[in-house]
Amino acid sequence: MSGNIKLLGDTLAAAKAEGRSALIAYLPAGFPTVDGGIEAAKAVFEGGADVVEIGLPHSDPVLDGPVIQTADDIALRGGVKIADVMRTVRESHEATGKPVLVMTYWNPIDRYGIERFTAELAEAGGAGCILPDLPVQESATWREHADKHGLATVFVVAPSSKDARLAEITAAGSGFVYAASLMGVTGTRESVGAQAQDLVRRTKATTGLPVCVGLGVSNPEQAAEVAQFADGVIVGSAFVKRMLAADGDLADGLDGIRGLAAELAEGVRKRT
């Protein structure tokens, strides 16, 4: 069974052909429950997301801010397992035919087994993995298995990355490059800023891969701003906030994130 790296590439290319950025949504698996998390992924697709990242909840996240940490804690206390992450990928992809990735820290994969993880993710219809804390120089074994199973390996670049380091990272990656708009953890911000635009410019100078910007984008205005220079706009904390604000009312939470996805999808289509 081969993963859906081609579907991911085709989806990003189709957005570019329409003269717009792709909208990429992030949601943790198992939040608020496993079933609720699957419905949440479907809801953001229904609202207009092109791609969904499913987070594998982790007890010691290095990139995630307090909003996503809260959701992860709820998922972990609910007993979420890697099998539930795979089920979330499978059911959200099968229901929509759209690309679904997993975003995870390295330790759970290392403990689970690289071959087992990549084989199961491909079998579930996954398009790839975003690995924020896997050093490129230590990624050869992962990439070998991901390539074998038709999965993208998405690495994260940051404003602090020097040009030579950007070239090293982008040469090893596939699918797209995740450009962190600022130094720090995930979360909504008042402004995404010029730092992100400069990082995208420098990253694009090293690769033909799409460059998608995450960290800080939370509203249609910011999405429209980032869409002027990035191939994709990644939004996570804003979706999780909507679910948390529903205070256990799943239908209300799903309505909230579906509506936010629609607003953001409109934002990435605005041309200035």
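**An aromatic cluster and the packing of helix H2**

A single aromatic cluster is formed by Trp 106, Tyr 112, Phe 117 and Trp 142. The model analysed here is predicted. Across the whole structure, three aromatic pairs are found. In one of these, the ring centres of Trp 106 and Trp 142 are 6.0 Å apart and the planes stand at 90°, so the pair is classed as edge-to-face. Distant parts of the chain are thereby linked, as Trp 106 belongs to helix H5 (residues 106–112) and Trp 142 to helix H7 (residues 140–148), 36 residues apart. Trp 106 is buried, with a relative accessible area of 18%, and Trp 142 is buried at 1%.

The rings of Phe 117 and Trp 142 have centres 6.3 Å apart and planes at 55°, so this pair is tilted. Because Phe 117 lies in helix H6 (residues 114–123) and Trp 142 in helix H7, the pair ties together parts separated by 25 residues in sequence. Phe 117 and Trp 142 are both buried. At Tyr 112, the charged end of Arg 116 sits over the ring, 3.8 Å from the ring centre.

Helix H2 (residues 34–47) has 14 residues, for which a span of 20 Å is expected at 1.5 Å a residue; the end C-alpha atoms are 20 Å apart, in agreement. The helix is mostly covered, with eleven of the 14 residues buried, including Val 34, Ile 38, Lys 42 and Phe 45. The buried residues of H2 pack against strands S1 (22–28), S2 (51–55) and S3 (100–103), and against helices H4 (82–96), H11 (237–245) and H12 (250–267). Gly 48, with a positive phi near 135°, follows H2.

How values were computed. Residues numbered from 1 in each chain as written. Predicted model: local features only at pLDDT ≥ 70, side-chain atom pairs only at ≥ 80, totals over all residues. Heavy atoms only, no water. Helix = DSSP H or I, 4+ residues; strand = E, 2+ residues; numbered from the N terminus. Expected span 1.5 Å × (residues − 1). Buried < 20%, exposed > 50% of the residue type's maximum accessible area, 1.4 Å probe, protein only. Contact = heavy atoms within 4.5 Å. Phe/Tyr/Trp six-rings, centres within 6.5 Å; stacked < 30°, edge-to-face > 60°. Lys NZ or Arg CZ within 6 Å of the ring centre and 35° of its normal.
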